[in-house]
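Here is a walk through one protein model, with attention to its interior. Please keep the sequence and the structure in view while reading.

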Amino acid sequence: MLAHSAGTTWSLEPLQLVPLALGAGLYAKRVRTLARRGTPVAWWRPLLFGLGVALITVSLVSPVAELGETESFAFHMVQHLLLGDLAPLCIVAGLTGPILRPLLSVRAIRALRFLAHPLVALPLWTVNLVLWHLPYFWEAALRHQAVHALEHVSFFTAGALMWAAVIEVLPGPEWFGTGAKMGYVVVVRIVSTIVGNVFVWAGTPFYAIYEDAHRPFGLSAEADQGIAGAIMMIEGSLVTIAVLAWLFLRLAQEGELRQELLERGLDPRSVRRAVRYGRGQELSRSA
């Protein structure tokens, strides 16, 4: 511990930091191996992966974690948005098929690829989000360390699977193109907005554990809960705008490439599949 108050406490626990350091080390080793083999990873992917690791670290060991666990639902919401949304997004964006190949060579892990299917990932993410915000499970996580650890793993895993369907580190179903991804992201944010609005407009605190807490800034439990809901909606809106902008630009580029290839007389089925899976330029060069 580096300080004595919740507002300045950093909890540097090896059980939390060692797995993160190990994962980052294995990632860096794999990136170097691919570079030596002549298939380097784009510079921005390690940057995003590192940012994801940093966000997880902040969510687990910074004062945000201590305040969220003992004093404020709003700070706990910040922790879970870092751990369950922003960090998974960054880490998934930092991955590629070649980076994951050694991991996917393990049969048990390879068999779990179906969890990233959009029709599986979205329901899992939704159920996970709603379940852990029910008072019984939320308070159980705060009172029992093992349940709290499970909650954190669940938030990160569900977030990673949800974003994996959008970013497609590994190829997804053919029907789930860029337009479908845009609709998928909108559905994700509708769900989180509904949950956020429940907290904003509830009018009564849901979690008894925070009612007697010494909340920051003299906030009431009701105001603290409302702020938590607002934070959830604002973060979701900003991320959604950024992701939809990226998908919109991608959709426009795909449309131009598809039209160009069709005008050259290529088979429409081959063009559709090539554009869908990012192989349009390869098809163009081979034609």
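About 150 Å³ of space lies in the largest cavity. A cavity here is a set of points, on a 1 Å grid over the protein atoms alone, where a 1.4 Å probe fits but cannot get out, and lining residues have an atom within 4 Å of a point. Grid points are joined across faces, edges and corners, and a volume is the space filled by probe spheres set on the points. This is a predicted model, in which local features need pLDDT of at least 70 and side-chain atom pairs count only at pLDDT 80 or more, while totals for chains, interfaces and linings use all residues. Residues are numbered from 1 along each chain as its sequence is written, and side-chain values use heavy atoms, with hydrogens and water left out.

The largest cavity has 16 lining residues, and nearest its centre lie Leu 81, Gly 84, Asp 85, Trp 125 and Leu 129. Helix 4 provides the largest share of this lining, 5 residues; helices are DSSP runs (H or I, at least four residues) numbered from the N terminus. At least two lining residues each come from helix 4, helix 7 (118-133), helix 9 (145-167), helix 10 (178-201) and helix 12 (221-263). By class, 7 of the lining residues are nonpolar, 6 polar and 3 charged. In this scheme Ala, Val, Leu, Ile, Met, Phe, Trp, Tyr, Cys and Pro count as nonpolar, Asp, Glu, Lys and Arg as charged, and the others, Gly among them, as polar.

The structure holds 2 cavities of 30 Å³ or more. The second largest has about 40 Å³ of space, and its lining includes Phe 73, Pro 205, Tyr 210 and Asp 224. Helix 12 gives the largest share of that lining, 3 residues.

Phe 73 and Trp 125 also belong to the largest nonpolar core, which has 61 residues; together with Tyr 184 they touch the most other members. Such a core is a set of buried Ala, Val, Leu, Ile, Met, Phe, Trp, Tyr and Cys residues joined through side-chain atoms within 4.5 Å. Helix 4 (residues 73-93) contributes the most to this core, 12 residues. A second, separate core has 5 residues, among them Leu 257 and Val 271.

What is unusual about the phi of Glu 168? Its phi is positive, about 55°, although Glu 168 is not a glycine. Most residues other than glycine have a negative phi. Glu 168 lies in the loop between helix 9 and helix 10. Glu 168 counts as buried because its relative accessibility is 15%, where buried means under 20% relative accessible area with a 1.4 Å probe and protein chains only.

Conventions
Buried means under 20% relative accessible area, exposed over 50%, partly exposed in between (1.4 Å probe, protein chains only). On a 1 Å grid over the protein atoms alone, a cavity is a set of points where a 1.4 Å probe fits but cannot get out, and a pocket is an open set with protein on both sides within 12 Å along at least five of seven lines; lining residues have an atom within 4 Å of a point.
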